[in-house]
Amino acid sequence: MPELPEVEALAQFLREHAVGAVVGRVDVGALSAVKTFDPPVTALSGRDVTGAGRWGKFLGMECGGLWLITHLSRGGWLRWIDEPSPTPPKPGGKSPLALRVHFFTPEGATPAIDLTEAGTKKRLSVYIVEDPKLVPGIARLGPDALEVTEEQFTEILRGASQRIKTAIVDQTLIAGIGNAYSDEILHAARISPFANTRTMPADKVTELYGAMRAVLTDAVQRSVGQAAARLKGEKRSGMRVHARTGLPCPVCGDTVREVSYAERSFQYCATCQTGGKILADRRMSRLLK
């Protein structure tokens, strides 16, 4: 799933490539992805692209007073197409295409952006609104992970009373962090994913805040300026524990371990984060019964 660094990079990519263009035809490839009907997607046509923004993991493109907002969810992505097909897609087909926005640039080119979603579970969402805060998911967001102060961060954790892994991916508490970067942040701070937010020592909260800032800032710096097609690879290359089950921890050399749930999993280093304790993996426990 694209998280804060990748979405910020995509917003910057749109500022550099789409701002100044005029929106042409808008093709809907997946009717279920469009969550608003007034204004319709056709209202974007003919408008100048004037900006782009990010709210947590939501990405937006400003088009002459309207916003095209998307949440790419788990399998979604944005692709820049220099020479898109002139034939409109057939809604409801097997194509991963959810939405295509055609442009006319000042240089006379006619590129497009595609919003696509891999996999069978279609969760990518698109909204056409006059104000981004009209999108329910944006209205519910907590403070951005790169804007929250340490004092606010501490108050949020103390009021949550839950596992830290759960808290920092809860978008209503802190916006922008997902499964991958939460693994990296907790590893950098040397904190167990199962540590409780309310009882965590003050010095560990300070370490966690610093790790969050450092991991995300580094990822943004590595991501911004990259072509959209290269962002996924850039994200994977910077991971120390996430999606590295069975490989050595780059800090201590211990084996990176995994805890699995129904639809997702997280990774951690027992030596760095839990004092050597192996966390219970419920899925493996059921298999061994």
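Start the tour at Arg 190, which follows helix H5 and has a positive phi, near 60 degrees. The model on the screen is a predicted one, and each stop below names what to select next and what is found there.

**Helix H5 and what covers it**

From Arg 190, step back into H5 itself, residues 179–189, and colour the helix by accessibility: H5 is mostly covered, with 10 of its 11 residues buried. The buried set consists of Asn 179, Ala 180, Tyr 181, Ser 182, Asp 183, Glu 184, Ile 185, Leu 186, His 187 and Ala 189. Now show the surroundings of these residues, where the covering elements include H1, H4, H6, H7, E10 and helix H8, the last of these spanning residues 270–273.

**The second largest pocket**

Keep H5 selected and add helix H6, residues 202–223, since H5 and H6 each supply at least two residues to the lining of the second largest pocket. H5 gives the most to this lining, with 4 residues. To display the whole wall, select Tyr 181, Glu 184, His 187, Ala 188, Val 215, Asp 218, Arg 222, Lys 235, Gly 238, Met 239 and Arg 240. The pocket that they line has a volume of about 180 Å³, and by class its lining has 4 nonpolar, 2 polar and 5 charged residues. Two of the buried residues of H5, Tyr 181 and Glu 184, can thus be picked out again in this wall.

**The largest pocket**

Next select Met 1, Glu 3, Arg 74, Asn 179 and Arg 264, which, of the 41 residues that line the largest pocket, are the closest to its centre. The space in this pocket comes to about 1100 Å³. To see which elements surround it, show strand E5 (76–81), E8, helix H4 (164–168), H5, helix H7 (231–237) and strand E10 (265–269), each of which gives two or more residues to the lining. H7 makes the largest contribution, with 4 residues. Coloured by class, the lining divides into 16 nonpolar, 12 polar and 13 charged residues.

**The sheet that contains E5**

E5 leads from the pocket to an open sheet of 4 strands, which run in the order E1-E6-E7-E5 with antiparallel pairing. Strand E1 (22–28) and E5 stand at the edges with a single partner strand each, so one side of each has no neighbour in the sheet. Ignoring direction, neighbouring strands of this sheet are turned by 20 degrees against each other on average. Select E5 together with E7 to view their antiparallel pairing over 6 bridges, and within the pair label Leu 78, whose bridge partner in E7 is Leu 115. Helix H1 packs on this sheet, touching E5 and E7, and its direction makes about 20 degrees with that of E5.

**The other sheet**

A second selection shows another open sheet of 4 strands, in the order E2-E3-E4-E8 and again with antiparallel pairing. Its edge strands are E2 (49–55) and E8 (125–129), each of which pairs on one side only, and the twist averages 20 degrees from one strand to the next. E2 and strand E3 (residues 58–63) pair in the antiparallel sense over 6 bridges; in this pair, Gly 53 has Gly 60 of E3 as its bridge partner. Helix H1, residues 4–17, packs on this sheet as well, touching E2 and E3, with a direction that makes about 175 degrees with that of E2.

**The cavities**

The last stops are enclosed spaces, for the structure holds 2 cavities of 30 Å³ or more. For the largest, with a volume of about 50 Å³, select Leu 14, Leu 59, Gly 60, Met 61, Leu 68, Thr 70, Leu 78, Ile 113 and Leu 115. E3, strand E4 (66–71) and strand E7 (112–117) each supply at least two residues of this lining, and the largest share, 3 residues, comes from E3. The bridge partners Leu 78 and Leu 115 are both in the lining, which divides into 7 nonpolar, 2 polar and no charged residues.

Finally, select Ala 9, Gln 12, Phe 13, Glu 16, Gly 225 and Gln 226, which line the second largest cavity. Its volume is about 30 Å³, and by class the lining has 2 nonpolar, 3 polar and 1 charged residues.

Definitions and conventions
Residues are numbered from 1 along each chain as its sequence is written. This is a predicted model: local features need pLDDT of at least 70, side-chain atom pairs count only at pLDDT 80 or more; totals for chains, interfaces and linings use all residues. Side-chain values use heavy atoms; hydrogens and water are left out. Two strands pair if DSSP finds at least two bridges between them. Axes are lines fitted to C-alpha atoms, for helices over the stretch in contact, and angles run from 0 to 180 degrees between N-to-C directions. Contact means heavy atoms within 4.5 Å. On a 1 Å grid over the protein atoms alone, a cavity is a set of points where a 1.4 Å probe fits but cannot get out, and a pocket is an open set with protein on both sides within 12 Å along at least five of seven lines; lining residues have an atom within 4 Å of a point. Grid points are joined across faces, edges and corners, and a volume is the space filled by probe spheres set on the points. Ala, Val, Leu, Ile, Met, Phe, Trp, Tyr, Cys and Pro count as nonpolar, Asp, Glu, Lys and Arg as charged, and the others, Gly among them, as polar. Buried means under 20% relative accessible area, exposed over 50%, partly exposed in between (1.4 Å probe, protein chains only).
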